[in-house]
Structures are given as C-alpha cells and as structure tokens.
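Here is my note on the cores and one pocket of this model. Please read it with the structure open.

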Amino acid sequence: MKRFITLTLCLVFLCSLSGCTKKEIKESPPAYDAVYAYTTPDYMMGTIPVTAAKTAYNPLTGESNLATDRVGKRPYMIPIGFSDTRNPTFGLSSADVIVEMQPQFPNESILLGFFSDIREISKIGGLRELAVPLLEFVPSFDPIVVSFWLSGFAYSSDYSDELLAQYPTDALEAFTCRDLVDEAISGQTGPAPAPMNTSGKRIVVEQRIHEIRDETKGTPSFLSFAKTGLQITPAGGVATSVQFQFSEQWGSDLRYDTASNCYQRYHNGAPMTDAATAEQQTTIAFKNVLILFCSEKQTEGLDLYAFDFRAGGDGYYFTNGHYELIQWQKPSVTDDFIFTKKDGAPLVLNPGKTMISVARDSNIDTLQIQ
C-alpha cells in the first residue's frame with residue numbers, strides 16, 4: 001500500500017512538472033523554421049525569401065534564371081479565372097507559361113499558369129476549379145496542381161472518364177479549397193462573390209503539411225527552346241498586331257512591344273495588368289505566343305462544348321514581331337503536345353515566357369495579323 005501511495009505521489013509530482021494540470025489545450029500547426037512559421041493570423045498571404053542564386057536553367061522558359069534550389073522540382077499549375085475587370089487577376093505576370101482556354105462557359109476564360117517558383121509571389125488568384133480539359137497539360141509538366149475542385153460536368157462522360165482514369169484526384173496531388181484560399185477575402189462584393197486567392201507562402205506551407213511530392217519525375221516541360229544567344233525570327237511575315245475572336249464574349253488582342261520584344265495581352269483596348277503589381281503597372285507579356293485552333297464537340301443536351309484534342313490541328317507561332325504557320329498534335333491523353341513547322345520539322349521557341357491560346361477552329365477566319 002505504501003508503495004502504491006508513493007508511486008501515486010511521484011506521478012502527481014511529474015505531471016505538475018510537465019504541465020498536466022487542467023488547462024485549455026489548443027491544436028497548433030506543425031513547427032517549422034522561422035521562414036515558414038505561422039507568425040501572424042494572415043500568414044497565408046505572404047512570401048518566402050529566395051536566397052539561392054537564380055542562375056540555373058529554367059525548363060519552362062529556356063532561360064538561366066531559375067533559383068538553384070528549384071532545380072529538379074515540380075512546377076506549379078494554377079487555374080486562374082478571368083471574366084472582366086470586376087475580378088482582377090493576381091500573380092500572372094510571374095508565370096512562365098500561360099495557357100488560355102474557354103473550358104465551359106461563353107462568358108469567361110481560364111488562364112492556366114505554370115510557375116517554376118511561387119515563393120516570392122504575394123498574391124495569386126482568383127483561383128478556379130480545375131476544368132477537365134486542363135488535365136491535357138498535366139503529363140507535359142508533371143505539375144503540383146493548385147486548385148480547389150475538379151469540374152467535368154460539361155463534357156461527355158467518355159471524355160471525362162478517359163482523363164480521370166489517368167489522373168484521379170489523389171494522383172494529381174492537388175490542394176483543397178480550405179487549404180489554399182484566404183477565407184477573409186472570399187465574401188460577397190456586390191452581385192458576385194469575390195475571387196478566392198492564395199500566396200506563394202501559403203502554397204509552400206500547405207505543401208509541407210500534406211507532404212506533397214516536390215521532386216519531378218522527368219523534365220517538367222514539353223517546350224523546346226533555342227540555345228542561349230540565338231534568336232529565331234519566323235519567315236511567315238510581320239506580326240505586330242494579332243487579333244481574333246476567342247469566344248462569344250470577347251476577342252483576343254495581342255500587340256508587339258518593340259521596347260521589350262514581347263507581345264502584350266490587351267483586354268477591352270487596354271493592357272492586361274497584374275493587379276498584384278499594379279503600382280509598377282506590370283503588363284502581362286510573352287516572348288512566344290502559340291495559337292492552337294482546335295475542333296470541338298457539342299455536349300449533348302447542354303449549350304456547352306468540349307475541345308477535341310485528339311484531332312490536332314493548325315496553329316500559329318508568334319515571336320519577335322513575326323509569325324509562321326504550325327501544326328500541333330496530342331495523340332493521347334498521356335502524350336505531350338507536339339508542335340511542328342509546316343515542313344514537319346520540330347518547332348523551336350525563343351527563350352522567354354510563352355502563352356498558349358487554345359481556340360475554336362471555327363474562329364480561325366477571324367484571325368487578323370498586321
């Protein structure tokens with residue numbers, strides 16, 4: 001009995017030393033170093049300093065501007081909605097590749113950004129769902145998908161099932177809405193809800209929490225670039241202005257800027273800017289522009305359509321104020337896109353950022369090149 005009392009007293013004493021007294025215990029996030037720490041309630045919307053030298057080869061641009069600690073890492077694939085000036089876009093000027101597509105509805109397009117590094121981007125958005133056709137670009141980049149749900153209701157069941165069989169949600173290693181977005185700014189602003197945004201810091205923190213694979217399984221890009229110092233000037237003709245009907249809602253407007261040697265994206269007659277860098281008036285611009293005209297299939301029973309990527313088609317390549325006709329293919333869901341010149345030679349791009357616009361082939365007659 002004495003031994004039992006003694007043991008009990010010892011346990012009480014040890015518990016008092018270790019904080020076993022009654023008190024409210026709150027769940028706390030995992031402990032990280034100071035850079036990644038949850039320091040403030042709004043830790044979600046922030047950046048992470050990049051101290052590594054930005055001298056490594058970037059497979060998404062063909063330039064030597066990638067931080068050395070990002071070599072061999074998966075890029076980030078982030079669908080961002082773009083409808084009108086009520087909901088500005090954030091972070092797109094930092095994307096290495098942007099794919100523009102109208103995946104479902106006639107009054108908006110989705111700008112699918114591919115980022116080799118997101119740590120220094122303070123705000124990215126507004127986030128959109130990962131529409132099924134955007135999965136066509138997954139095998140070409142092996143990306144970490146930053147989205148909040150998968151939307152495929154507007155497409156034929158055969159098409160959706162084929163894609164989803166190759167890329168089930170867990171295989172995409174995507175984040176969830178709750179993990180990614182700043183709920184404080186996802187309230188109502190007038191008749192439409194405000195877009196949901198995220199940041200470079202939040203993505204990296206959530207990636208660590210969920211232990212999402214960071215190492216790429218291969219070269220994270222299907223684009224081929226000219227060697228450093230070489231510049232390609234297509235022989236098809238001069239192209240300082242490129243316009244065509246992208247959707248029912250608006251046309252695509254690209255204008256060549258001789259100062260930067262890049263094509264600037266215009267909307268409603270004004271340069272499309274990154275709202276995250278509005279003070280610097282950072283215009284969204286590209287060294288390379290690829291326009292892929294794609295056939296479409298009407299969705300049965302719905303006033304919607306789906307692109308037929310298996311059919312391939314004609315396209316155009318724009319760079320350095322000139323253009324040429326190209327052809328493109330996408331033989332299967334898991335194959336890369338294949339870009340070739342009209343003579344069948346592989347298409348090589350100039351080093352720099354690239355925009356890929358996927359448009360209906362029924363709009364090819366609206367293309368105006370000046």
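**Notes on the cores and a pocket**

1. This is a predicted model. Its largest nonpolar core holds 38 residues. The members that touch the most other members are Y76, I78, I118, V242, Y263, I291 and F318.

2. Several elements give two or more residues to this core. The strands are strand 3 (76–82), strand 5 (109–115), strand 14 (241–245), strand 15 (251–257), strand 19 (288–294), strand 22 (313–319) and strand 25 (354–360). Helix 5 (200–209) is also on the list. Strand 3 gives the most, with four residues.

3. Which residues does Y76 touch, leaving out those up to four places away in sequence? They are R70, G113, F114, F115, I118, P143, I144, V146, I203, V204, Q207 and D214. One of these contacts, I118, is also among the core members that touch the most others.

4. Apart from the largest core lies another one, of 33 residues. Among them are V99, F114, L135 and F222. Note F114: Y76 touches F114, yet F114 belongs to this other core.

5. Now the second largest pocket. Its volume is about 320 Å³. The lining has 17 residues. Nearest the pocket centre lie K54, S94, S116, D117 and E120.

6. Which elements give two or more residues to the lining of this pocket? They are strand 1 (54–58) and strand 2 (63–67). Strand 2 supplies the largest share, four residues.

7. By class, the pocket lining has seven charged, five polar and five nonpolar residues. Among the residues nearest the centre are K54, D117 and E120, and Lys, Asp and Glu count as charged.

Key: Residues numbered from 1 in each chain as written. Predicted model: local features only at pLDDT ≥ 70, side-chain atom pairs only at ≥ 80, totals over all residues. Heavy atoms only, no water. Core = buried A, V, L, I, M, F, W, Y, C linked by side-chain atoms within 4.5 Å. Buried < 20%, exposed > 50% of the residue type's maximum accessible area, 1.4 Å probe, protein only. Contact = heavy atoms within 4.5 Å. 1 Å grid on protein atoms, 1.4 Å probe; cavity = no way out; pocket = protein on both sides within 12 Å on 5 of 7 lines; lining within 4 Å. Points joined across faces, edges and corners; volume = space filled by probe spheres on them.
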